[in-house]
Amino acid sequence: MTKIVTIINFKGGVGKTICSVEIATTIAKYHGRRVLLVDLDPQASASMFVMQSQEQWRAHRDKYGTTFNLFDKQAPRGFHASQTIVHDVVPGVIGFDLMPS
């Protein structure tokens with residue numbers, strides 16, 4: 001059964017990013033479940049945290065798009081959210097996927 005967990009707070013500096021990443025990592029690594037972390041933060045904090053480098057993030061953004069494109073009225077026709085997903089984004093953690101911001 002699919003479960004959805006949402007972490008949201010409009011105040012900065014309360015630990016949303018690290019909690020989200022650590023919970024996703026723990027569920028994938030220690031419980032063997034598939035996890036999709038959807039980063040909707042305009043600063044892309046979680047995306048930058050789990051991807052190898054800003055260069056990897058930029059290359060992925062330019063080639064596949066990000067969650068920004070989900071809300072962009074100018075998004076290319078035929079854009080599909082599934083193409084933005086980075087599978088097994090954290091080395092050594094099978095099942096942790098990321099839809100980057």
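## Worked exercises on a predicted chain

A44 sits in the loop between β1 and α2. Helices are DSSP runs of H or I with at least four residues, strands are E runs of at least two, and both are numbered from the N terminus. The model is predicted, so to speak with care: local features need pLDDT of at least 70, side-chain atom pairs count only at pLDDT 80 or more, and totals for chains, interfaces and linings use all residues. Residues are numbered from 1 along each chain as its sequence is written, and side-chain values use heavy atoms, with hydrogens and water left out.

**Exercise 1. Describe the backbone and the burial of A44.**

Solution.
- Step 1: start with the backbone. A44 is not a glycine, yet its phi is positive, at about 60°.
- Step 2: turn to burial. The relative accessible area of A44 is 4%, so A44 counts as buried. The classes are buried under 20% relative accessible area, exposed over 50% and partly exposed in between, with a 1.4 Å probe and protein chains only.

**Exercise 2. Place D88 in the chain, then give its phi and its exposure.**

Solution.
- Step 1: look between α4 and β2, where D88 lies in the loop.
- Step 2: check phi. D88 has a positive value of about 45°, although D88 is not a glycine.
- Step 3: assign the class. With a relative accessible area of 35%, D88 is partly exposed.

**Exercise 3. Trace the fold and judge how compact the chain is.**

Solution.
- Step 1: count the elements. The chain has 4 helices and 2 strands.
- Step 2: put them in order. Along the sequence they read α-β-α-α-α-β.
- Step 3: compare with the globule rule (2.2 Å times the number of residues to the power 0.38, with the radius of gyration taken over C-alpha atoms). The chain's radius of gyration is 14 Å, close to the 13 Å that the rule gives for 101 residues, so the chain is as compact as a globular protein of that length.
- Step 4: add the extents. The C-alpha trace spans about 40 × 30 × 30 Å along its principal axes.
- Step 5: look at contacts, meaning heavy atoms within 4.5 Å. Of the contacts in the chain with a separation of 6 or more, 56% join residues 24 or more positions apart.

**Exercise 4. Find the largest nonpolar core and the elements that build it.**

Solution.
- Step 1: recall the term. A nonpolar core is a set of buried Ala, Val, Leu, Ile, Met, Phe, Trp, Tyr and Cys residues joined through side-chain atoms within 4.5 Å.
- Step 2: list the members. The largest core holds 16 residues, and those with the most contacts inside it are L37, V50, M51, V89, V90, F96 and L98.
- Step 3: map the elements. Those giving two or more residues are α1 (16-31), β1 (35-38), α2 (45-50) and β2 (96-99), and α1 gives the most, with 3 residues.
- Step 4: zoom in on V50. Beyond residues up to four places away in sequence, V50 touches V21, V89, V90, F96 and L98.
- Step 5: set this in context. In soluble globular proteins, nonpolar side chains tend to be buried together.

**Exercise 5. Compare the settings of Y64, F68 and L70 by helix and exposure.**

Solution.
- Step 1: take Y64, found in helix α3 (residues 54-64). Y64 is partly exposed at 34% relative accessible area. Leaving out residues up to four places away in sequence, Y64 touches F79, Q83 and T84.
- Step 2: take F68, placed in helix α4 (residues 68-71). F68 has a relative accessible area of 56% and is exposed.
- Step 3: take L70, which also lies in helix α4. L70 is partly exposed at 37%. Apart from neighbours within four places in sequence, L70 contacts F79, A81 and M99.
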